[in-house]
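These are my notebook entries on one protein chain. I set down what I looked up, in the order in which I looked.

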Amino acid sequence: MKLKPVNDKIVVKPTTEDEQVTASGLIIPDTVSDGGMLEGDVIAVSEDMYSINGTQIPFVVKKGDRVLYNKHNNGQEYKLNGEDVLIMSQNEVLSIVEDTYE
């Protein structure tokens, strides 16, 4: 199965864990800290996005990008083929991770 997002939505597969484990084995849930960003790989992007007056708005992110987003985003969790993914707005992406500095 695959997802085909609509409007301004993208599908992201998280690449970092939400919880940390101490040396003694205690699990520290992600709700302990207020801030924090997570990384994920974009696995699907909507085809088109339009403004209120009907002009097409190009997407900034594309399939295959690694992105940073706030761990308290408004994305919806979904289990796709047994793996957890997030369906979120492109506007919730804080940054695209690139290998080089300019």
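**Entry 1: the chain as a whole.** I note at the start that this is a predicted model. I began with contacts, and I took those with a separation of 6 or more in the protein chain. Residues 24 or more positions apart account for 68% of these contacts. I then looked up burial: of the 102 residues in the protein chain, 27% are buried. For the surface, I recorded that the protein chain exposes about 7,400 Å². Carbon and sulfur atoms supply 50% of that exposed area.

**Entry 2: secondary structure.** I asked which elements the protein chain contains. I found eight strands and zero helices. Read from the N terminus, the elements run β-β-β-β-β-β-β-β.

**Entry 3: the sheet.** I next asked in what order the strands of the open sheet stand. The sheet has six strands in the order β6-β7-β1-β4-β5-β8, and their pairing is antiparallel. I looked up the edges and found β6 (76-80) and β8 (93-97) there. Each of these two has a single partner strand, so one side of each is left without a neighbour in the sheet. I also recorded the twist, which averages 40° from one strand to the next.

**Entry 4: one edge pair.** I stayed with β6 and looked up its pairing with β7, which covers residues 83-89. The two strands pair in the antiparallel sense over five bridges. Within this pair, I located Gln76 opposite Ile87 in β7.

**Entry 5: backbone angles.** I turned to phi. I reminded myself that most residues other than glycine have a negative phi. I therefore looked for exceptions to this general rule.

I recorded Asn7, which is not a glycine and yet has a positive phi of about 55°. I found Asn7 in the segment before β1 (9-14). Is Asn7 buried or exposed? Its relative accessible area is 56%, and the cut-off for exposed is over 50%, so I entered Asn7 as exposed.

I also recorded Asn81, where phi is near 50°, again a positive value in a residue other than glycine. Asn81 has its place in the loop between β6 and β7, the two strands whose pairing I described in Entry 4. I looked up its accessibility too: at 53% relative accessibility, Asn81 counts as exposed.

**Entry 6: review.** I close with the points I wish to retain. The protein chain has eight strands, and six strands form an open sheet with antiparallel pairing. Asn7 is exposed, and Asn81 is exposed.

Note on methods:
Residues are numbered from 1 along each chain as its sequence is written. This is a predicted model: local features need pLDDT of at least 70, side-chain atom pairs count only at pLDDT 80 or more; totals for chains, interfaces and linings use all residues. Side-chain values use heavy atoms; hydrogens and water are left out. Buried means under 20% relative accessible area, exposed over 50%, partly exposed in between (1.4 Å probe, protein chains only). Contact means heavy atoms within 4.5 Å. Accessible areas come from the Shrake-Rupley method with a 1.4 Å probe; for residues, only the protein chains shown count as cover. Two strands pair if DSSP finds at least two bridges between them. Axes are lines fitted to C-alpha atoms, for helices over the stretch in contact, and angles run from 0 to 180 degrees between N-to-C directions.
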